[in-house]
Amino acid sequence: MSDLNTLFAELVREVPDFPEPGIQFKDLTPLLADGRGLAAVTAALAEVAGGVDLVAGIDARGFLLGAAVATRLGTGVLAVRKGGKLPPPVHSQAYALEYGTATLEIPADGIDLTGRRVVVIDDVLATGGTVAATVRLLQAAGATVTAAAVVLELNGLGGRAVLEPLPVTSLYVV
């Protein structure tokens, strides 16, 4: 993990006042674009994912991370999409955002999630709304969600508390 901390320090770009004044944005793009960084993040996420049947990656960077973790674990990956991106039929879950509502979807045909152990992977945990909606969506489709794992957790925004009692692992907390 110390190598990962070094890579975070070297490769995570801080962007002041983005997307609004007072926010110190943490840009993971350089970390994921670096071979060492991507390999370290993938290995760390796969280690905490444990014995699962499927990895669910949340739109959009969760797709990249989820696919990399699934490859390492030898499982499949399920893309949890923003509403309106998949052909019907779909399972969908609406959830509240700071500025309105959004919907997440997964296919309702072709993938039987009944009893499958699934880990949820995403890039950032902030307020927890998107991850919580993903968990509800997967559970409604019959999956057993074993854990959530993210690269970066924004401390103080309550995301972890929203997900209790689900085990949550964050590789880096700011």
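Which residues does the UniProt annotation "domain: Phosphoribosyltransferase" cover? In the unreviewed entry, this annotation extends over residues 44–152. In the predicted model examined here, the C-alpha atoms at the two ends of residues 44–152 are 12 Å apart. Helix accounts for 28% of this span and strand for 42%.

The largest nonpolar core comprises 27 residues. Within this core, the residues with the most contacts are Ile 106, Leu 113, Val 120, Val 131 and Leu 138. At least two core residues come from each of strands S3 (54–58), S4 (76–82), S6 (100–107), S7 (117–125) and S8 (144–153), and from helix H5 (129–140). The greatest contribution is that of H5, which supplies six residues. Beyond its neighbours within four places in sequence, Leu 113 is in contact with Leu 54, Leu 78, Ile 106, Leu 138, Ala 141, Gly 142 and Ala 143. A second core, separate from the one described above, contains 25 residues, including Phe 8, Val 69, Ile 121 and Ala 147.

The surroundings of an acidic residue, Glu 153, were also examined. Glu 153 is located in strand S8. With a relative accessible area of 6%, Glu 153 falls under the 20% cut-off and is therefore classed as buried. The side chain of Glu 153 forms a polar contact of 2.6 Å with the side chain of Ser 170. When residues up to four places away in sequence are not counted, Glu 153 touches Leu 125, Arg 160, Ser 170, Tyr 172, Val 173 and Val 174.

Methods
Residues are numbered from 1 along each chain as its sequence is written. This is a predicted model: local features need pLDDT of at least 70, side-chain atom pairs count only at pLDDT 80 or more; totals for chains, interfaces and linings use all residues. Side-chain values use heavy atoms; hydrogens and water are left out. A nonpolar core is a set of buried Ala, Val, Leu, Ile, Met, Phe, Trp, Tyr and Cys residues joined through side-chain atoms within 4.5 Å. Buried means under 20% relative accessible area, exposed over 50%, partly exposed in between (1.4 Å probe, protein chains only). Helices (H or I, at least four residues) and strands (E, at least two) are DSSP runs, numbered from the N terminus. Contact means heavy atoms within 4.5 Å. UniProt positions are given in the numbering used here, feature names are shortened, and annotations may be inferred rather than shown by experiment. A polar contact is a pair of N or O atoms within 3.5 Å; within protein, one must be able to donate a hydrogen and the other to accept it, and residues adjacent in sequence count only if both atoms are side-chain atoms.
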